[in-house]
Amino acid sequence: MFLCRKFNEIDKMLGRLSEVLQSAADVLAPPPTALQDFDYHYKLVKNFYVADKTLPKIHINDTNIPVHLEQMLQILIREEQEISAALRQVDTVDSGQPESKESSSNGSSTEEIPTAECMEFVLNNRPLDVLVELAANDTPPGARLVILNWVRRLLSCMKDPPLGHASLFQPVQKLVELCNGNVASPYEKEEILFLETVAGLVRKEPILANLFLKSHHHSAQMLASWKGLSITKTPVNNPLFQSAKIEYDSRRISLVKEDQQQAGEQGDEAGGNEGTSSAVVVPNLNEERVAEAKCDCDDEEHFVLFDAIVSYLDSADSTIIVRACEGILILASLPTLNKSCNAIRNSLSRFCTMIADRLAVHCQQIPEDMDTGDIEDANVSWGLIPRDSEQPHFIGRYQLTSFLCWLDYCDCLMKESPAIAPELGELIRAQLLISYIEPGLLGNYAPFMLVLTAKIIKKTQSRALLDEIANWLIGEGDITDINGTDCLLTILIENAHENSDILLQTLQFVESLLDNPHEKILHGMIFFYINNRGYYDNNTQTIQSWSDEEDNRERRRGSAEDPIKSRTLAPNNILKVINHFLLLLPRHIMNDAAGICYEEYMQDASRHYQTWIKKTHGFQWPVEAVWPESPTSSPTSEGNTLETLPTAKPKIKSKFDLNEVQCGDSGISEESFYEGPLLKLLFSHVKQMNTQVYELNLAVIAILSKLALFPHPYLHEILLSPEIPVAPGATTLWSVMQFLARQLLTEIPRVENFQERINETGKRLLSNPPLYHKDCEHESSPEQEDEAEINDPLFESIVVLEEFCKELAAIAFVKYHHATE
């Protein structure tokens, strides 16, 4: 302990002695300035290989070059920080000084602001040219790695790097040209990081994109944007500024029109004798866009920086690919990206073709015999490629993951880049959807393709890609031009009528269309058939209450004083509607444990209804269910009376024209209402719920519940209005539910101890739903017969129907409450 204390005292004494000696040395020989220190390190780097020619064989990490380069970088960063701190201090002092002392305080504070001497040295002496030459030759070995990292850190660590100056952007251009992902390189990581850094600077200042378009280079001087850098004219006889001594194009780039710059220079010359420094000309982005629109790029030119990043998409390293995708997304989302420029258009077109081909190839590599459940459970994104070895492995896992990653990236790209979205969407529709998926949907691999298509639709978030899917399923053109009888979507749904093997997959596909709604798809699938209101029998007067509701609805059309948003969604007989659903089944065949309370579904119904309102916001849907022939009036119009707004009725056909086929808006004969392939499929399976498997019943009511949540008046009437008069031959959800209830009421009492079995089935389904089981019509073993007795579709359908009625009652009440708020 004594020795330790003595050693500590000796160390303190030596430290004080060294401070004294350093102070004396500083008095005799002051420390070098930042510029002298920077010049010292640069000379050591520049003259390192002059003495001995054998030194280039030594790896750069075995030399002191990285140390000197690090010191140069730290000096530049420290200089910028000092200038920024001084400017902030001046602003603080100026804001606190009185007006009387403003001029004197400004003068004193301006003298204290340090100048960017080291950066001026970089711009005037061009040390980056020497470093880039070493990187191009990779001499000494490893020089490219060190210099790429150094330049990247220079651009990223500095707040405002003067990339617009020729002394900086020309070496950066040279490094960008050296980065080529098509050639195997041990410096892939450093190269893509450097390119991504440059892309980030271009994204920050979009006008810098012209630096990488060769035909946009001009001979006018490029004004630097470096704060604290004095604006000087180019020396005439200085060899550093002579373009003949530089191998690549060293002409300065102007982001301003030449005539404007000439005018600015003339103004500077005229005002130069006044003793004031010339101001930096700020380019006009709008005028630059006009200049880009009239660019003279050749058909063979391209966007150098963009193509350099794209070349790394073929790398074997997934992290390099993700970095390249990020750089492409940064450049593609530039707000000033102009496709009228031939160079930009060529690069974007080539990229769109490549990425669409890659997406189609990855989709074709997915094995058709893989489990469709694995497709449903897959959840990946383009920036998070799963590499966890503990995840379950299944057939086609790698192929499926690769396809979904690229699909998610294309979707993100089309969402963020308006310049790429139209062309990329058309290529995806042609090369993926039409060429590969469509033949599979209509061929032998329909179940697999239906599930895969449903996954594609669920992952789609961009409006442009969803529009292309709608054009593929429904057809091109406006909604008014839709003919839903001959589109691909109608064919797929009608195939499920004939082939029960693809029924569940088709319902899953339809549910994905509802989860990610598109107005065109919904119109061609549903509203094209029901907007003519052919399900409504307007000739009957048996239900006086609904007739009064209809007259009240028509009378209030065009009234701005009505606080109710929609009389269709908020009828006066809402309590009767709710009671109709809750009392559909007799009490003695209901599940006593659950009762008839529907409050448990209220919270979910309210939340889901708000979700559907947001998803369908902007859709051109009607507010009230009225006849198409009725005159539409503005809600804000004044002076409208009942005489000016008559209730239009459909024309009653005479006995002479009953055999004539007259088509309405839906193209279906008015004599017989056709609800469309989807509603027909759903209604037919609601009638057969007592003979169907539990999974199929759940899929049917899940789709019907989502359809009931849509704020569409005609769909609301056909699904949630039990009291409307139904036209002869038409079918509504209430009518098929009544048919099912009558069947259950006939079959259930024949079973011994049916009440106990209903209660047991209800407890089992609500606590532990059964796994998929085959239809009971197939031949089965005794063990399968015991399982079929437990999972009896008859009793399962009672529980499903009872819960479905509660959910419909909750949805009807939520829509009523929202419409009356």
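Okay, let's start at one tryptophan. Leaving aside neighbours within four places in sequence, Trp-612 is in contact with Leu-514, Asp-515, Pro-517, Lys-706, Leu-709 and Phe-710. One thing to say early on: this is a predicted model, so keep that in mind as we go round.

So where does this tryptophan sit? Trp-612 belongs to helix α25, which covers residues 602-615. Is Trp-612 buried or exposed? It's buried, at a relative accessible area of 6%. And look at Phe-710 from that contact list: along the chain, Trp-612 and Phe-710 are 98 residues apart, yet their C-alpha atoms are separated by 6.3 Å.

Now, some of those partners take us to a helix pair. Leu-514 and Asp-515 both touch Trp-612, and both are also on the α21 side of the contact between α21 and α27. Lys-706, another partner of Trp-612, is on the α27 side of that contact.

How do those two helices run? Helix α21, residues 503-515, and helix α27, residues 694-709, cross at roughly 20°, and their axes come within 10 Å. An angle under 35 degrees counts as roughly parallel, so that's what α21 is to α27. The crossing is left-handed. On the α21 side, the contact includes Leu-503, Leu-504, Leu-507, Val-510 and Glu-511; over on α27, you'll find Glu-695, Leu-696, Ala-699 and Ile-703 among others. Sort the contact residues by class and you get eleven nonpolar, no polar and four charged.

Next, a pair with another geometry. Helix α24, residues 574-582, packs on helix α32, residues 793-819, at an angle of about 165°, with the axes 8 Å apart. That makes α24 roughly antiparallel to α32, and here the crossing is right-handed. From α24, the contact uses Ile-574, Val-577, Ile-578, Phe-581 and Leu-582. From α32, the residues include Cys-805, Leu-808, Ala-809, Ala-812, Phe-813 and Tyr-816. What's the class split for α24 with α32? Eleven nonpolar, no polar and one charged.

Keep α32 in view, please, since we're moving to the core. The largest nonpolar core has 224 residues, and α32 gives the most to it, with 15. Which residues have the most contacts inside that core? Phe-194 and Ile-530. If you click on Phe-194 and skip anything up to four places away in sequence, you'll see it touching Leu-148, Val-151, Arg-152, Leu-155, Val-172, Leu-175, Val-176 and Cys-179.

Two more stops. Met-72 lies in helix α3, residues 65-96, and it's buried, with a relative accessible area of 1%. Outside the four places either side in sequence, Met-72 touches Phe-38, His-41, Tyr-42 and Trp-150. Met-72 and Trp-150 are 78 residues apart in sequence, and 9.7 Å apart C-alpha to C-alpha.

Then there's helix α6, residues 127-137, where the buried residues are Pro-127, Leu-128, Asp-129, Leu-131, Val-132, Leu-134 and Ala-135. Just after α6, have a look at Asp-138, which takes a positive phi of about 50°.

Let me zoom out to finish. The chain has 32 helices and zero strands. Of its 821 residues, 48% count as buried. And for contacts between residues at least 6 apart in sequence, 80% join residues at least 24 apart. Trp-612 with Phe-710, 98 residues apart along the chain, is the example we began with. Okay, over to you for questions.

Terms used. Residues are numbered from 1 along each chain as its sequence is written. This is a predicted model: local features need pLDDT of at least 70, side-chain atom pairs count only at pLDDT 80 or more; totals for chains, interfaces and linings use all residues. Side-chain values use heavy atoms; hydrogens and water are left out. Axes are lines fitted to C-alpha atoms, for helices over the stretch in contact, and angles run from 0 to 180 degrees between N-to-C directions. Helices (H or I, at least four residues) and strands (E, at least two) are DSSP runs, numbered from the N terminus. Angles under 35 degrees count as roughly parallel, over 145 as roughly antiparallel, 65 to 115 as roughly perpendicular and the rest as oblique. A crossing is left-handed if the near helix is turned anticlockwise from the far one by less than a right angle, and right-handed if clockwise. Contact means heavy atoms within 4.5 Å. Ala, Val, Leu, Ile, Met, Phe, Trp, Tyr, Cys and Pro count as nonpolar, Asp, Glu, Lys and Arg as charged, and the others, Gly among them, as polar. Buried means under 20% relative accessible area, exposed over 50%, partly exposed in between (1.4 Å probe, protein chains only). A nonpolar core is a set of buried Ala, Val, Leu, Ile, Met, Phe, Trp, Tyr and Cys residues joined through side-chain atoms within 4.5 Å.
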